[in-house]
Amino acid sequence: MAATTAFLFPAAPFRCHPPSPVGKLNSYRTSVMTTRVATTAEMKRAEEKKEKEKVWTNGWKEYLEQSKELIVPDGGPPRWFSPLECAWRLDNSPLLLFLPGIDGVGLGLILQHQKLGRIFDTWCLHIPVADRTPFPDLVKIVEVTVRSEYQRSRNRPIYLVGESLGACLALAVAALNPDIDFVLILANPATSFSRSHLQLLTPLLEALPHSLSPGLHDILKLTEGLALDSVVQGLPLQTTARVLVKDFTTFLLSLPILAEILPKETLLWKLKMLKSASAYANSRLYSIQAQTLILCSGKDELLPSQQEGERLLKLLPNSKCELRKFDGSGHFLFLQEGSIDLVTIIKGTSHYRRGKHHDYLSDFIPPTPDEVRKVIESFSLYNLVASVMLSTMEDGTVVKGLAGIPSEGPVLFVGDHMLLGLDTIPLLCRLFSERNIIVRAMAHPLFFVRSKKGKLPDISYFDHLRIMGAVPVGPTNIFKLFSSNSHVLLYPGGIREAFHRKGEEYKLFWPEQSEFVRMAARFGAKIVPFGVVGEDDLGKVVFDYDDLVKIPYFRSEIESLTEEAPQLRSGVSGEVGNQQVHLPLILPKVPGRFYYYFGKPLETKGREQELQKKEKSQEFYLHVKSEVERCIAYLKEKREMDPYRALGHRLLYQATNGFHSKIPTFEI
């Protein structure tokens, strides 16, 4: 499906066409920095260029400016348009259809178009202001389109992104076409209309003698003195109106163009359509089999969106439905510049795919500098711990920084896991920021799926790891990553080290037999052993697993948490097979520093045949382990010489030299 700015009518096939006389968006055409095969460097340059371009300071301003060309009456029916010129994007990009909310313009994703255009074939549905197509007929229009596209490409999913009313439309289409591979993204779905205050707006508008064009400010004036019980019992009508239109009044009072988008007659029609759309979609939820992502705002004054998200999460297939909440956002989720990035959300939830299933290698979209910055901001300890990183050059020289890390893969980082895995994010972000190296961390499956719902932290808590490229640990994924010359991060101690007991700081709990050497040797990967210390300057375990299991209540809770998480190494004996999920009681301390030391890269290239032998593989494995222990011991000794190990000393240094100054450390 090629891109064009021309309008296409409902049953028209999606092809690259010259601008249609029905409507033009010449001023809206944008060029998208996409390539046939988007490399990490190219995507980073494109993102940096976009960040430097100061196009708009307000999402609503752009939406309203571009809406002027779309709301001109032309007597036409609902139709599709693409906001982007014909341009290269990722190979085999899936189709994304945007289904608008009550406004019907189709520009609700205007702040997202360029990013979406790099990984999707993006088209938007436009419903003219004067159009009065009933909801069931809108469903048929979308059905014709998705059926046509499904016949052209059966192996790719079709994304339906629906906002409010559009979410009802997406649900209805998915329910009627269970054989089509859909990915539904529902933003503040209007399936909650019957429980919202919006339904009270219909009698209010019908009581007005004039059109809505003077603005909603006049609605509040006109409500003074009107009878109350005919619309809402026991509540002042003016107060009710203020609640109903809180989201609107923030922009409508100073932007009269919206009165042209939603004049009184159109708004009345759309409100009645919302009622029928909600009932239509709700009656067919049982038929939906599509993968679904629900996005809900916490400050939606028009619909009870978060409650509705929880309701839909229970009704739709559990294994295919996920929910993300945005507590600080209002109803118009995608028009809030700087806060909601749909592409980042899709990446963080692993919902981007170009085939039947998400492939952690071929469907991975590298993080952008802005996404990495936000990951750092979400990790509150990142700046507090002021990580020190050392690496080793090929000649054995230890240097400050990451110059000793091999640029070309495949590379396998193997090290110790600190308490709760707090060491991972600083490592991933620093390697990206300083060396432009994307490290694919092998993570426990509980970060991606759950065996059942329960008390473990919501899976959304780990979206930042997926954005940075984390993948479920397993031989298949390691094989794929090595075959693509990736940099891979592996913690052989897994959650046994991350949930260690009292007094077990920096103790390795590795399997007795090698798990990675022969795989690395098969691809000639360099193995970089590393050590990290600093958790004992952050907190102390005072009540651990051994203490918790002695108390019946906590023993039962641990069993429940462990059942929620997919199991690994179930057949492995010894401590490494002890995979009980629990949260130890930690006594916090004033934060010290994290210290990382990457040892000299160990070559496997040229030793492929030798390291396939069990004895040689085991010998190499034990050597790697001893190198990790050496790195840990080195850091524990050297940090004692760091004059800025204590937080107070670091703050004093920055107060004197500037808060963005680089804090020194010990001499090597």
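**Exercise 1. Explain why strand β9 counts as largely enclosed by the rest of the structure.**

Solution. Start with the strand, residues 388-392. 5 of its 5 residues are buried, so β9 is largely enclosed. (Buried means under 20% relative accessible area with a 1.4 Å probe, protein chains only; exposed is over 50%, partly exposed in between. Strands are DSSP E runs of at least two residues and helices H or I runs of at least four, numbered from the N terminus.) Next, check both faces. V388, L390 and T392 are buried on one side, and M389 and S391 are buried on the other.

This is a predicted model: local features need pLDDT of at least 70, side-chain atom pairs count only at pLDDT 80 or more, and totals for chains, interfaces and linings use all residues. Residues are numbered from 1 along each chain as its sequence is written, and side-chain values use heavy atoms, leaving out hydrogens and water.

**Exercise 2. Find the strands that pair with β9, and the partners of L390.**

Solution. Strands pair if DSSP finds at least two bridges between them. Take β18 (residues 595-598): β9 pairs with β18 in the parallel sense over 3 bridges. There, L390 has Y597 as its bridge partner. Now take β10 (residues 398-400): the pairing with β9 is antiparallel, over 3 bridges. Here L390 stands opposite K400. The β9–β10 hairpin has 5 residues between the strands, and G396 takes a positive phi near 95°.

**Exercise 3. Place R645 and decide: buried or exposed?**

Solution. Locate R645 in the loop between α24 (614-638) and α25 (647-657). Its relative accessibility is 17%, so R645 counts as buried. Then look for a side-chain partner. The R645 side chain makes a polar contact with that of D537, at 2.6 Å. (A polar contact is a pair of N or O atoms within 3.5 Å; within protein, one must be able to donate a hydrogen and the other to accept it, and residues adjacent in sequence count only if both atoms are side-chain atoms.)
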